[in-house]
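Open the structure in your viewer and keep the selection tool at hand. We will go from stop to stop.

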Amino acid sequence: MQAQTQGPQHATGPSRSRAAAQPRVPKVSKGTDTASSLTQTTAVNVVSHKHVPAFFSQWEMTHTDVLSLVAITLVAVVVRCYGLSTPGSVVFDEVHFGKFAGKYINGTYFYDLHPPLAKMMFALAGKLAGYDGVFDFKSIGLDYAAAGVPYVAMRLMPALLGALTVPASYVVARACGYNVDTAGLASLLVCFENGLITQSRLILLDSPLVFFTVLSLTAWSVFWTKQGSPFSGGWWFWLLATGAMMGCAASCKWVGLFLFPAIGLSTVADLWDKIADLSITPAKWAKHFVARAVGLLVVPLTVYLFWFHVHFTVLYKTGDGKAMMSPEFQAAFVDGLNVSTDRDVFYGSEIRIRSSNAASGYLHSHMHNWQHEKGSGQQQITLYGFADQNNVWVVEPAYNTTIDASNGPVPVGEGDLIRLRHKITEKYLHSHDKKPALSTDDNKFELSGYGFPGFAGDSNDNFRVEILSGDKAMEGSDKTVQSIYTRFRLIHQNLGCAVFNSRKKLPKWAFEQTEVNCMRNCHPRMSTWHVEFARLPEGNSTDADTSKPASVRKARYQPLSMMGKIAEYNRLMANSNAHLTGDHPFAARPHHWPWLRRGTAYWGGLGNVVYQLGNPLVWWASFGAVLLLLGVRTALFLLDKRQINLSLGGQRRKYLSAAGFFTAAWMCHYVPFFLMGRELFIHHYFPALWMAILVLAFTLDLFTARMPSVIRWSVYAAAASATLYAFHTFSYITYARIWTKDACLRTKWLSTWDFDCEHALGGVRSTETPETSVSSVLDPVLPENPDDPNPDDPNPDDLNPDNPKPADPKPAEPPVVSATIVGAKDPKHVYVNPEFVASDSSSSSLESKAEHAEL
């Protein structure tokens, strides 16, 4: 008879066996099951020379396992792939990920707040199926068939990945030492979990994420069965496979990063125990340490960087996401930003000043005055995301100051007091003791354009240049202001405040551009600027007799290296995720997830809906199993302190090691969400749900292990029957099956389940067109400047006041999603948090949201 193995116990700490350190037959304590002790003794005798714990043995797949896996996989494929063609239109966040697949196929750059692997997998599936990348997935409800999109093939990929998590669950249970019946029950619970099914049938990122998460822990579980032969081929394979799958999970969504503490805690505990093993020399312990560091840190990082390398290699053409990135990033595209400008900034130069650490745009003014209550009523100073003539400023000496330019142009240097005159309106950049439009902070002051014909200005126009850094390759860029290369701040002479990018969107009377104010004691990050474009005219408006130098040195952005692009993109993803707050009608906080308070509406049709809701019996029972494990572990710890040793029917060591590890992994994938202020949804719970399901199967095994086979199998059959009953009950909202309104209402076991029964037959929506009946998570509109089709064009005509192009834009529409609650007559609009929305530019998404609200 094959010896049973047990999974990674290290996560449970105190239950760790010391058999490895003292390879001898353990004593049988009072209450310990004799058969279990004999099994453990045999295991010790077999592998003691290998120095492995008593509860480990080599697990090899049997003929029964092979047949079981084949049957389980076939059932899982049928369950996941049934009716993939329904709905035949764009569903939920397919509007984003389908569109991104097309971008990959066409090589056009885009920005998304998630890593690229899952999206590239969809692109590959679409490409192999003949998708040309033209269909834009513009809105929920667009018909796929009419556009000839091979959407079934694209949905087939996540469906197959979801199906493979089912046999993987079987392998995990077997590797953890459980019998075929328990492993089969675990796979059945995963197979017929409605939430996992729904998510795996659509062009969404969570199915690849869950797949690679499951494979990571599957490889890790099998790795533990190889502890009897450390550094063997199989040992190395499963260790490196674990790391590779961890890297792939993190490359789909950052939720995959939670695998690192889950597996890391187990690894640290294992290495700590190996220190106590006197048979392991320091050199061999160091080898174990290095092997795990390579397999679980270096390999995942390498995989993560590799997929980003592929991402940027494929997306070689500039696209609509470029404005969110730095100019150096944009310059790396084949047809990217190509600015060539005068390098040196002199008194009299006409310049365009750009915010250095955000994509909010350029220092801007126009012939419109401040209208807020405590403002000055003077001309508005804002940030604008496009290069146009209203971004042009002329550098002049400070008020009542002259510059001797008899020997040639005078460069602007560190500590200089200057004034900036707006070329179009002739107003000076000005600050005073007035409050800005969007802040009442005592440290913030209004910036305005001030002046009129015949008025020479005043000292409130004076700003001191404070150079922060220069380009080491450009001599003097840290001493004098050079275009592109010098980073500087502008400090108001009288108030001591710095020109500051608040990243807040102004009201419509300010064209919803981005507020810029003057702030004391601000962090340099949002008060750092650089000159992107400069030129010194033949004559200028200063009192100095300046003429253009004979030889004009040029400056241009240096394209980022591949590692530079990866670093900037990841910083931007972190910023976008941190600021992803909103009021989506189907958002849910973590404390609502385990008891399935509500789901998410994905699509509504004629007599049917797609609503993301799990199998409630599986969710509730699995959460109960996790709580039970925590309770049992605590009780056993206290009883052990009283020298009361309970064996749990001989199952203690196996239960605490396997269920304990997956409970710890569940906590690593669930608890961190409580620390996040960003918008969350029920699908964020899916990786933790899979771990809780395994704990449920292991718990049922614990309670039935000593029962007669008939009773044990009856319990398992009852659990399977209940799961199948709930699966069938909620299959209508999982597969978008046609049902009646009465059947729909009977399915609402909880009053908080708000799937729309009016879409069912007999409901008022059952005859409506299904378009936009539900919303994507977020659909921010990227505002466009109607007057500037190429906003990053560095052509000097942008600076030419004679250019007939209108200077001021039309007010842009705010980033908004038509987030219609299913069943409601009027749509609820979820506006992007104005705290982080930029101006009229397409870069507004950078500081606010990205394309959708997922982690």
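Two strands count as paired here if DSSP finds at least two bridges between them. Keep in mind that the model is predicted.

**Stop 1: the strands**

Select β6, residues 417–422, and β10, residues 463–469. These strands run antiparallel, and 2 bridges join them. Pick L417 and look across: its bridge partner in β10 is R464.

Now add β11, residues 487–492. β10 and β11 also pair in the antiparallel sense, over 6 bridges. Pick I467, and you will find F488 of β11 opposite.

**Stop 2: helix α2**

Move to residues 63–81, helix α2. How far apart are its end C-alpha atoms? They are 27 Å apart, which agrees with the 27 Å that 19 residues should span at 1.5 Å a residue.

Colour D65, S68, L69, I72, A76, V79, R80 and C81: these are buried. Look down the axis of α2: the buried residues fall within an arc of 160°, so they line one face of the helix. On the other side, H63, L67, L74 and V78 are exposed.

What covers the buried residues of α2? Show α6 (151–175), α7 (180–191), α8 (194–200) and α18 (709–729), which are among the covering elements. Before you leave, click G83, just after α2. G83 takes a positive phi of about 60°.

**Stop 3: helix α9**

Select residues 206–224 for helix α9. Its 19 residues should span 27 Å at 1.5 Å a residue, and the end C-alpha atoms are indeed 27 Å apart. Is α9 mostly covered or mostly open? It is mostly covered, with 18 of its 19 residues buried.

**Stop 4: the nonpolar cores**

Select F662 and F698. They have the most contacts inside the largest nonpolar core, a set of 160 residues. Helix α17, residues 686–704, gives the most to this core, with 14 residues.

Stay on F698 and show what surrounds it. Leaving out residues up to four places away in sequence, F698 touches A173, C176, Y178, T182, Y655, A658, A659 and F662. Apart from this core lies another, of 29 residues. To find that one, select some of its members, including Y347, I353, I418 and L447.

**Stop 5: the disulfides**

The count comes to 2 disulfides. Start with C497 and C518, joined at an S to S distance of 2.0 Å. The torsion about their S-S bond is about 95°, so this disulfide is right-handed. C497 lies in the loop between β11 and β12 (498–505), and C518 in strand β13 (residues 514–519), so the pair ties together parts that are 21 residues apart in sequence. C497 counts as buried, at 0% relative accessibility. C518 also counts as buried, at 0%.

Next, select C744 and C757, with S to S at 1.9 Å. This link is left-handed, with -80° about the S-S bond. C744 sits in helix α20 (residues 741–747), while C757 is in the loop between α20 and β18 (816–819), 13 residues apart. Both cysteines, C744 and C757, are buried.

With the bonded cysteines of the chain numbered in sequence order, the pairing is 1-2, 3-4. Which cysteine sulfur is nearest to that of C522, which is in no disulfide? It is that of C518, 8.0 Å away. C522 counts as buried, at 9% relative accessibility. End at C668, which is buried with a relative accessible area of 11%.

Terms used: Residues are numbered from 1 along each chain as its sequence is written. This is a predicted model: local features need pLDDT of at least 70, side-chain atom pairs count only at pLDDT 80 or more; totals for chains, interfaces and linings use all residues. Side-chain values use heavy atoms; hydrogens and water are left out. Helices (H or I, at least four residues) and strands (E, at least two) are DSSP runs, numbered from the N terminus. The expected span of a helix is 1.5 Å times one less than its number of residues. Buried means under 20% relative accessible area, exposed over 50%, partly exposed in between (1.4 Å probe, protein chains only). The arc is that of the directions from the helix axis to the C-beta atoms. Contact means heavy atoms within 4.5 Å. A nonpolar core is a set of buried Ala, Val, Leu, Ile, Met, Phe, Trp, Tyr and Cys residues joined through side-chain atoms within 4.5 Å. A disulfide is a pair of cysteine sulfur atoms within 2.5 Å.
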